[in-house]
Amino acid sequence: MEAKTPSESQAILTDLVLPSETNPLNNLFGGELLARMDRAASIAARRHSRRIVVTASVNHVAFNRAIPLGSVVTVEAKVSRAFTSSMEIFIDVWTEDRESGARAKANEAIYTFVAVDETGRPVAIPKIKPETALEKERYEAALRRKQLSLVLAGKMEPKDASELKALFT
C-alpha cells in the first residue's frame, strides 16, 4: 500500500449556525459541534482508507471560543497519522466574521477512526506521509497521544509506552 499525504484526506464542511442548534445563550450547542466534527472526520478517514470507517474515540476536544447564532462555521479535518487499521484525525474549527470575512480558530479536536471490512473486522490502511511543518508536528505527536490513550485505558503497560518515557528521561 502506498503512503498518502494528509491533504489527500482533507474534508471541509461549512455551514451556518441556526436557531434550532443553539443553547439559551444563543451559541452553538457543543453536541452539535461534536456531530459536525464527527462527520468531517469520518469523511477524512474514509478518503484516506477507502474503507468503511467507525469512530473509535474522541481523544480531545477544546471548546475555546463560543460560536454565536448566525455564524459561518468551517470544520476542517485531516488524517494526522495512520497506524495498522486506526487513524488519528485532527480537526480545526473556524468561524468567519460576517462583515470582514476574517477567519478565527474557535475550536479543535482529535478523533480516532478504525477502518473495517463489511463484517466489522479491522483492515490495514495506508500510512501517512506528512508534508508541511504542521502536518509533521501532528504526525510526531500522534504516537505519544495513542500511547497515552492506551495506557489510560489499561490496554498498554506504562513501561511499554516508549514515546511517553522518552518525554521524561
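These are my notebook entries on pockets, rings and one serine in a predicted model.

**Entry 1: the largest pocket**

I began with the pockets. The largest pocket has a volume of about 340 Å³. I counted its lining next and got 16 residues. Nearest the centre of the largest pocket I noted Ser57, Thr112, Lys146, Ser149 and Leu150.

Then I asked which elements give two or more residues to this lining. They are strand E2 (52-63), strand E4 (86-96), strand E5 (103-116) and helix H2 (133-152). H2 supplies the largest share of the lining, five residues.

I also sorted the lining of the largest pocket by class. I wrote down seven nonpolar, five polar and four charged residues.

**Entry 2: the second largest pocket**

I moved on to the second largest pocket, which has a volume of about 190 Å³. Its lining holds 14 residues. Lys78, Asp92, Leu134, Glu135 and Arg138 lie nearest the centre of this pocket.

Strand E3 (72-82), E4 and H2 each put at least two residues into the lining of the second largest pocket. Here E3 gives the most, with five residues. I noted that E4 and H2 appear in my list for the largest pocket and again in my list for the second largest.

By class, I recorded six nonpolar, three polar and five charged residues around the second largest pocket.

**Entry 3: rings and charges**

How many aromatic pairs does the structure hold? I found zero. I then looked for charges over rings.

Arginine 81 lies over the face of tyrosine 139. The distance to the ring centre is 4.1 Å. Lysine 146 has its charged end over the ring of phenylalanine 83, 4.1 Å from the centre of that ring. I had met Lys146 before, among the residues nearest the centre of the largest pocket.

**Entry 4: serine 49**

Last, I checked one serine. Serine 49 lies in helix H1, which covers residues 30-49.

Is serine 49 buried or exposed? Its relative accessibility is 8%. Buried means under 20%, so serine 49 counts as buried.

What does the side chain of serine 49 reach? I traced it to the backbone nitrogen of arginine 51, at 3.2 Å.

**Recap**

I close with the items I want to find again. The largest pocket takes five lining residues from H2, and the second largest takes five from E3. Two charges sit on my list of rings: arginine 81 over tyrosine 139, and lysine 146 over phenylalanine 83. Serine 49 goes down as buried, with its side chain at the backbone nitrogen of arginine 51.

Conventions: Residues are numbered from 1 along each chain as its sequence is written. This is a predicted model: local features need pLDDT of at least 70, side-chain atom pairs count only at pLDDT 80 or more; totals for chains, interfaces and linings use all residues. Side-chain values use heavy atoms; hydrogens and water are left out. Rings of Phe, Tyr and Trp (its six-membered ring) pair if their centres lie within 6.5 Å; planes under 30 degrees apart count as stacked, over 60 as edge-to-face and the rest as tilted. A charge sits over a ring if NZ of Lys or CZ of Arg is within 6 Å of the ring centre and within 35 degrees of the ring normal. On a 1 Å grid over the protein atoms alone, a cavity is a set of points where a 1.4 Å probe fits but cannot get out, and a pocket is an open set with protein on both sides within 12 Å along at least five of seven lines; lining residues have an atom within 4 Å of a point. Grid points are joined across faces, edges and corners, and a volume is the space filled by probe spheres set on the points. Helices (H or I, at least four residues) and strands (E, at least two) are DSSP runs, numbered from the N terminus. Ala, Val, Leu, Ile, Met, Phe, Trp, Tyr, Cys and Pro count as nonpolar, Asp, Glu, Lys and Arg as charged, and the others, Gly among them, as polar. Buried means under 20% relative accessible area, exposed over 50%, partly exposed in between (1.4 Å probe, protein chains only). A polar contact is a pair of N or O atoms within 3.5 Å; within protein, one must be able to donate a hydrogen and the other to accept it, and residues adjacent in sequence count only if both atoms are side-chain atoms.
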